[in-house]
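Work through the exercises below with the sequence and the coordinates at hand. Each task is followed by a solution in steps.

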Number of protein chains: 2
Amino acid sequence: MSPSNTTIRDVARLSGVSPMTVSRVINDSERVSPETRRRVEQAISELGYVPSRLARGLSRQRAGTLAVIVPDVANPFFTAILRAAEEVARRADYHVILGDTRSDLSVERDVIEELIAHRVEGMMIAPVSDRSAAHLRRLAEFGVPFVLIDRTVPGLDCDVVLGDSSGGARRLVEHLISLGHRRIGFIVESDDVSTARDRRAGYEAALSGAGIALDPTLVVNAAADPSGGSAGMSRLLELDERPTAVFTVNNLAAVGAIEAVRAAGLEVPDDVALVCFDDIEYASRLYPFLTAMEQPAQTFGTLGTQLLLERIEGRGPERRHEVVLPGEFIIRKSCGAK
Amino acid sequence: MSPSNTTIRDVARLSGVSPMTVSRVINDSERVSPETRRRVEQAISELGYVPSRLARGLSRQRAGTLAVIVPDVANPFFTAILRAAEEVARRADYHVILGDTRSDLSVERDVIEELIAHRVEGMMIAPVSDRSAAHLRRLAEFGVPFVLIDRTVPGLDCDVVLGDSSGGARRLVEHLISLGHRRIGFIVESDDVSTARDRRAGYEAALSGAGIALDPTLVVNAAADPSGGSAGMSRLLELDERPTAVFTVNNLAAVGAIEAVRAAGLEVPDDVALVCFDDIEYASRLYPFLTAMEQPAQTFGTLGTQLLLERIEGRGPERRHEVVLPGEFIIRKSCGAK
DNA sequence: CCGGATTGTGGTACCGATAACACGGTGGCG
DNA sequence: CGCCACCGTGTTATCGGTACCACAATCCGG
């Protein structure tokens, strides 16, 4: 018989008190005489008793778990967020359940539904798109606190932690313009992702600010991952008058885009300059190549989790938080700046 | 009142049956008349009832959760493992709790202890070092199934999924030797990590196979991360007769080592050739630089999780599994091969 | 047409903890 | 010296499910 089958009653029996008293000892509540506490502790260690969080969770109606849901853990941006979240949660004595939706709306729906059933106390979510609204409303319906990170979803009343997508995008594109580029391509997800919308707005603002007419053929919709980036770039390269510079909506799309450039026998930045959102830390340390708007991923995770914990503990303010974190513009090689 | 407070009894009342029958409907067990099933399902959807996994877990003594514990989620190798694990687990209707130990033994101890309390059904662990044995024995003591990945711990009777560390290391070092190097440095973790031991064995085998005497000053102990790699490389560069090539125990140490080389005003591979274990996927796609023994991280995760699920479901064989996965040797630039 | 097997359902206890309340004993204060 | 607050502890019910057994109704073969 393993000690995990040892219950609070066994301890109570051995130490000659009621289960309730043992519970008090476990939870460090006052109102236990030193002598009793000693006896109970003795029994606990004698039996190797470890209280069940599961049972405690059911009884207290507080499972002590929260979930972090991202479109792709393998994206270093989300990995950093997850890592920070795990740390903050652990310090607050919470466990973190991971959900990787692979940018698939129906996976996201299922995951969220599952986690509602699991009675997690809260979720930190980087939603797939605006169409996530349906599942997110379920959370509200069930009274499960949640915080959105990286992407917002219109019409949802909840805390969000975002990057400055439009400002960042504008800055990136302005930089390309300052380098003399006029035909600037943009590889971006569909408009039902808030970051895509905002970055597109920044892109357009930069262009119009420089008096450059928007050429719709230069804006390509594609998944924000390597294969999407590659497909998008291929299409841009096939244009009669191809762009001299390209802005990709995120780091992984940039990877694919660069691969496509090379596959076409061209080079970045010589033939096509490139800028993007989000860094790839270890890649940049090995080879400082990507000119990027680097977002403070760790802060996203830390802050998001803290906001979530506040909500869970009912300490959150009435009004929702909307935090916008500025990015850091890092000029490296891919933009072709000297 | 949110639907998450709706219980099986509410459903029972509304549909005019006993909670037990509702439970049967939820669990798709036979022995429910079509008519009753219909009525119950009607009530369920009417109330928006979502059964509590928490309660079910307590009652069944099976929480439906497993844990994945790694030294560093931000290492792309472990990220890939985690991602695969999450997917396999989800398909089997399990939730994954993440533990990031940051290579800290005491964090690992706490995390494991916490997860025992949580009554997770099993754990997949990349242990910090041999000194993890103490916590791991706790798992055995509590009858919690676990599978070790990437690293083994001597004297522990459990399933393990490993890479071919000694063979891989030998191959890497032999390659350096074939390029004419005789003074080959090795930056490695302390010997209480099985991969460090095995890779050291491979290193030594390659040297002695080529008739090169082992020079202990060329073997430097350092953490298997960027700062360790950097420190290790610095020390090697300060030697009177410094190595012409270096083998680092893993990918992140390689990053640090390269940074140190550059900080010293030198270059890889011109001044120092470099090879390592494990790839950094996106870095290599952007810039195929690291000559590495690439391990099939995803397979580690998939296989490890499958083995774990087998153990949990009691389908595991009597004898323990010990799977050794071969790596793929990829020659790029850092070794200086033409 | 009867006895035993099968089917559909309910009752009760229990999983392992905790909340809420009750209660006897002690000490301080008027 | 009596009353009341407080202290330490126990009792009971409950969290939301499920296992196990019981049981009435129906079915079947001989």
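The exercises treat a predicted model and go from the chain pair to the sheets, the helices and the DNA strands.

**Exercise 1. The relation between the chains**

Task: Determine by what turn and what shift chain A can be laid on chain B, and name the relation.

Solution:
- Step 1. Superposing chain A on chain B gives an RMSD of 0.1 Å.
- Step 2. The operation is a turn of 180 degrees with a shift of 0.0 Å along the axis.
- Step 3. This is the relation of a two-fold axis.

**Exercise 2. The interface**

Task: Describe the side of chain A that touches chain B by its elements and residue classes.

Solution:
- Step 1. Count the residues: 41 of chain A are in contact with 41 of chain B.
- Step 2. Assign them to elements: α4, α5 (76-91), β2 (95-100), α6, α11 (251-263) and α12 (281-286) of chain A each give at least two residues to this side.
- Step 3. Sort them by class: 25 are nonpolar, 8 polar and 8 charged.
- Step 4. Compare the copies: 100% of the interface residues of chain A are also interface residues in chain B, so the copies meet through the same surface.

**Exercise 3. The sheet of 12 strands**

Task: Trace the open sheet of 12 strands, and find which strands stand at its edges.

Solution:
- Step 1. Write down the order, which is β11(A)-β5(A)-β4(A)-β3(A)-β1(A)-β2(A)-β2(B)-β1(B)-β3(B)-β4(B)-β5(B)-β11(B), with mixed pairing.
- Step 2. At the edges stand β11 (322-325) of chain A and β11 (322-325) of chain B, each with a single partner strand, so one side of each has no neighbour in the sheet.
- Step 3. Direction ignored, neighbouring strands of this sheet are turned by 20 degrees against each other on average.
- Step 4. Look at the pairing between the chains: β2(A) and β2(B) run antiparallel and are joined by 3 bridges. I97(A) has I97(B) as its bridge partner.
- Step 5. Look at a pairing inside chain A: β1 (residues 65-70) and β2(A) run parallel, with 6 bridges. Here V70(A) is the bridge partner of D100(A).

**Exercise 4. The sheet of 6 strands in chain B**

Task: Give the order of the open sheet of 6 strands in chain B, and state which helices lie across β6, β8, β9 and β10.

Solution:
- Step 1. The order is β7-β6-β8-β9-β10-β12, and the pairing is mixed.
- Step 2. β7 (219-221) and β12 (328-330) of chain B are the edge strands, pairing on one side only.
- Step 3. From one strand to the next the twist averages 15 degrees.
- Step 4. Take one pair within the sheet: β6 (residues 184-188) and β8 (residues 245-248) of chain B run parallel and share 4 bridges. In this pair G185(B) stands opposite V246(B).
- Step 5. Add the helices. Helix α8 (residues 165-178) of chain B lies across β6, β8, β9 (273-277), β10 (291-294) and β12 of chain B, at about 170 degrees to β9(B). Helix α11 (residues 251-263) of chain B lies across β6, β8, β9 and β10 of chain B, at about 160 degrees to β9(B).

**Exercise 5. A helix pair in chain A**

Task: Classify the packing of α6(A) and α7(A), and list the residues that make the contact.

Solution:
- Step 1. The axes of α6 (residues 105-117) and α7 (residues 133-141) of chain A come within 9 Å and cross at roughly 10 degrees.
- Step 2. Angles under 35 degrees count as roughly parallel, and α6(A) and α7(A) are therefore roughly parallel to each other.
- Step 3. α6(A) contributes E108(A), R109(A), I112(A) and I116(A), while α7(A) contributes H135(A), R138(A) and L139(A).
- Step 4. By class this contact has 3 nonpolar, 1 polar and 3 charged residues.

**Exercise 6. The DNA strands**

Task: For DNA strand C and then DNA strand D, state which residues come nearest and which element gives the largest share of the surface.

Solution:
- Step 1. Around DNA strand C there are 27 residues, of which T7(A), S23(A), S59(A), S18(B) and T36(B) come nearest.
- Step 2. Two or more residues each come from α2 (19-26) and α4 (53-60) of chain A and from α2 (19-26) and α4 (53-60) of chain B. The largest share, 5 residues, belongs to α4(A).
- Step 3. By class the surface near DNA strand C has 11 nonpolar, 12 polar and 4 charged residues.
- Step 4. Around DNA strand D there are 27 residues, and S18(A), T36(A), I8(B), S23(B) and S59(B) come nearest.
- Step 5. Near DNA strand D the largest share, 5 residues, comes from α4(B). The classes there are 11 nonpolar, 12 polar and 4 charged.

Technical notes: Residues are numbered from 1 along each chain as its sequence is written. Chains are lettered from A and ligands numbered from 1 in the order in which they are written. This is a predicted model: local features need pLDDT of at least 70, side-chain atom pairs count only at pLDDT 80 or more; totals for chains, interfaces and linings use all residues. Copies are superposed by least squares on the C-alpha atoms of residues with pLDDT of at least 70 in both. Two residues are in contact if their C-beta atoms, placed from the backbone, lie within 7 Å. A residue is near a molecule or strand if its C-beta atom, placed from the backbone, lies within 6 Å of it. Ala, Val, Leu, Ile, Met, Phe, Trp, Tyr, Cys and Pro count as nonpolar, Asp, Glu, Lys and Arg as charged, and the others, Gly among them, as polar. Axes are lines fitted to C-alpha atoms, for helices over the stretch in contact, and angles run from 0 to 180 degrees between N-to-C directions. Angles under 35 degrees count as roughly parallel, over 145 as roughly antiparallel, 65 to 115 as roughly perpendicular and the rest as oblique. Two strands pair if DSSP finds at least two bridges between them.
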